[in-house]
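Let's walk through this model together, starting with one contact and working outward from there. Have the viewer open and follow along.

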Amino acid sequence: MSETLTLAVTKGRVLKDSLDILAKVGIEPTEDMSSSRKLVFETTRPGFRLMVLRGMDVPTYVEQGVADLGMSGRDVLLEHGGDGYYEPLDLRIGQCQIMVAGLKDEGPLPKRLRIATKFVNTTKRFYAEKGVQVDIIKLYGAMELAPLTGLAHRIVDIVETGNTLKANGLVPIERVEIISTYLIVNKIALKTKHQYITPLIEGLAGVTG
Ligand code: AMP
């Protein structure tokens, strides 16, 4: 039987680093992904396909076995909370943090804070573990606007350099999680295709960080 493996990668800012790691183990898309609107790509390794997905969809495709493997941010995995896959390898790319942030000059705050975030589950868990009651407001983008407009007192969001916070008059307050991109593997695929997947994990482990 020849190898057929599908790896789901996340479109956006971490895609280039993901492709760079794959190139180091000899897997490259056969056409330029950045100038194509296709979602599935063949690679220089016969039978090895790449799928380009939105971040939150990567664990779903891997969990369901449509993709055998995925490269997914730990922020996404924490929020998704699935159990149909293993996380065998920290790829050490896409490194950032999930932070609580607020206005530089917050002034007096009420006892029960409103927190705006797209990481609702992670934020709930974080405050529950501290035994602090908060109200969570789900947002899909432009988190920084929430404290500026009074929609929320604080935000829980991804911070890499801190430039976005700073540009909006916000400061980091507390770290929630340290984030990087992980290789994830469908549990059943690891059993049925282990002769292909295990060497791939070993190869990737040899070229990360
Ligand atoms: P920065 O200004 O460098 O702190 O970047 C913060 C913004 O970039 C946030 O609004 C995030 O949404 C986004 N961002 C930074 N790093 C990542 C990452 N590794 N994965 C996803 N989004 C990120």
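Start with a pair of charged side chains: Lys130 and Glu174 meet in a salt bridge, with N and O 2.5 Å apart. The term covers a side-chain nitrogen of Lys or Arg within 4 Å of a carboxyl oxygen of Asp or Glu. This one links distant parts of the chain, since Lys130 sits in helix α4 (residues 120–130) and Glu174 in strand β10, 44 residues apart. Helices and strands here are DSSP runs, numbered from the N terminus: H or I with at least four residues for a helix, E with at least two for a strand. Lys130 is partly exposed at a relative accessible area of 41%, and Glu174 is partly exposed too, at 24%. For those labels, buried means under 20% relative accessible area, exposed means over 50%, and partly exposed is what lies in between (1.4 Å probe, protein chains only).

Before going further, some ground rules: this is a predicted model, in which local features need pLDDT of at least 70 and side-chain atom pairs count only at pLDDT 80 or more, while totals for chains, interfaces and linings use all residues. Residues are numbered from 1 along each chain as its sequence is written, and side-chain values use heavy atoms, with hydrogens and water left out.

Back to the charges. The count of salt bridges comes to 8. Strand β10 turns up again in another of them: Glu177 pairs with Arg74, the closest N and O atoms being 3.0 Å apart. Glu177 lies in β10 (residues 170–179) and Arg74 in helix α3 (residues 74–80), so this pair ties together parts that are 103 residues apart in sequence. Glu177 counts as partly exposed at 22% relative accessibility, and Arg74 is partly exposed at 23%.

A further bridge joins two loops. The side chains of Glu160 and Arg13 meet at 3.0 Å, N to O. Glu160 belongs to the loop between β9 (154–159) and α6 (163–167), and Arg13 to the loop between β1 and α1, so the pair ties together parts that are 147 residues apart in sequence. Arg13 counts as exposed, at 72% relative accessibility.

What else does the loop between β1 (5–10) and α1 (15–24) hold? Lys11 lies there, partly exposed with a relative accessible area of 42%. Lys11 gathers with Arg37, Arg54, Lys118 and Lys138 in a patch of positive charge on the surface. Such a patch is made of residues with over 30% relative accessible area and no salt bridge, like charges being joined within 9 Å and nonpolar side chains (Val, Leu, Ile, Met, Phe, Trp, Tyr) within 5 Å. Go on into helix α1 and you find Lys16, which is exposed with a relative accessible area of 57%. The C-alpha atoms of Lys16 and Asp90 are separated by 17 Å, with their positions 74 residues apart along the chain.

Now step back to the whole chain. Its secondary structure comes to 8 helices and 11 strands, and its C-alpha atoms fill a box of roughly 65 × 35 × 30 Å along the principal axes. For a feel of the distances, take Gly65 and Leu109: they are 44 residues apart in sequence and 47 Å apart in space, C-alpha to C-alpha. Gly65 lies in the loop between α2 (57–63) and β4 and is partly exposed, with a relative accessible area of 34%.

Of the 209 residues, 44% count as buried. The largest nonpolar core (buried Ala, Val, Leu, Ile, Met, Phe, Trp, Tyr and Cys residues joined through side-chain atoms within 4.5 Å) has 27 residues, and those with the most contacts inside it are Leu7, Val9, Leu22, Leu50, Leu69 and Leu183. At least two residues of this core come from each of β1, α1, β3 (48–53), β4 (69–73), β11 (181–186) and α8 (194–207). The largest share, 5 residues, comes from α8.

Finish with the backbone. Most residues other than glycine have a negative phi. Arg92 has a positive phi, near 60°; this residue lies in the loop between β5 (85–90) and β6 (96–103) and is partly exposed at 47%. Ala142 also has a positive phi, near 45°. Look for Ala142 in the loop between β8 (134–138) and α5 (145–149), where it counts as exposed at 54% relative accessibility.

Note on methods
Accessible areas come from the Shrake-Rupley method with a 1.4 Å probe; for residues, only the protein chains shown count as cover. Lys and Arg count as positive and Asp and Glu as negative; His and the chain ends are not counted. The place of a charge is taken as NZ of Lys, CZ of Arg, CG of Asp or CD of Glu.
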